Amino acid sequence: MLLRTSADVSSDPARFCVATLPVNHRIEMGLLAARLCARRLTVASAAELTTLLDYPPRGVSPLGVSGIPVFMDRELEEFETVLVGSGIAGVEVEIAPRDLIAVTGATVMRFS
């Protein structure tokens with residue numbers, strides 16, 4: 001999921017982050033906002049997904065993201081493998097959490 005650090009629309013990658021968490025969980029936006037020293041977070045628009053990541057809605061992937069911080073919920077470390085978006089809607093990549101962290105440089109914390 002691509003998140004924006006304020007309600008103002010801007011294409012500055014420094015104002016965005018990617019969050020990866022279990023599909024049956026909800027993001028506690030306040031925890032991520034505090035980590036990013038932002039007043040609030042909102043879900044990025046479909047246009048922002050296309051502009052910044054070239055991903056369609058429901059196809060967002062933490063893989064291949066450049067210049068935008070990636071956060072992974074700590075609970076994902078409890079699984080042998082996880083499924084993450086591939087960048088194509090309906091197509092997922094199965095990967096070990098430790099490999100996902102290594103490939104994306106994700107910051108691991110509990111935010112769901």
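## Sheet, hairpin and pocket in a predicted model

In this predicted model, five strands form an open sheet of mixed pairing in the order 3-1-2-4-7, where strands (E, at least two residues) and helices (H or I, at least four) are DSSP runs numbered from the N terminus, and two strands pair if DSSP finds at least two bridges between them. Strand 3 (42-43) and strand 7 (107-109) are the edge strands, each pairing on one side only. Residues are numbered from 1 along each chain as its sequence is written, and side-chain values use heavy atoms, with hydrogens and water left out. Local features need pLDDT of at least 70 and side-chain atom pairs count only at pLDDT 80 or more, while totals for chains, interfaces and linings use all residues.

Two antiparallel strand pairs are set out below.

| Strand pair | Bridges | One bridge pair |
|---|---|---|
| strand 1 (residues 2-4) and strand 2 | three bridges | L2 and V18 |
| strand 5 and strand 6 (residues 92-95) | four bridges | G85 and E92 |

The hairpin of strand 5 and strand 6 has six residues between the strands, and G87 in this hairpin takes a positive phi near 100°.

Helix 2 packs on the sheet and touches strand 1 and strand 2, contact meaning heavy atoms within 4.5 Å; the direction of helix 2 makes about 105° with that of strand 1. Axes are lines fitted to C-alpha atoms, for helices over the stretch in contact, and angles run from 0 to 180 degrees between N-to-C directions. Helix 3 (residues 97-104) lies across strand 2, strand 4 (70-73) and strand 7, and runs at about 165° to strand 4.

The largest pocket has a volume of about 760 Å³. On a 1 Å grid over the protein atoms alone, a pocket is an open set of points where a 1.4 Å probe fits, with protein on both sides within 12 Å along at least five of seven lines, and lining residues have an atom within 4 Å of a point. Of the 31 lining residues, M1, L21, V23, V60 and G85 are the closest to the pocket centre. Strand 2 (16-20), helix 2 (46-53) and strand 5 (82-85) are the elements that give two or more residues to this lining, and strand 5 provides the largest share, four residues. By class, the lining has 21 nonpolar, seven polar and three charged residues.

Three salt bridges are counted, each a side-chain nitrogen of Lys or Arg within 4 Å of a carboxyl oxygen of Asp or Glu. One of them joins the side chains of D73 and R110 at 4.0 Å, N to O. This pair links distant parts of the chain, with D73 in strand 4 and R110 in the segment after strand 7, 37 residues apart.

Terms used: Grid points are joined across faces, edges and corners, and a volume is the space filled by probe spheres set on the points. Ala, Val, Leu, Ile, Met, Phe, Trp, Tyr, Cys and Pro count as nonpolar, Asp, Glu, Lys and Arg as charged, and the others, Gly among them, as polar.
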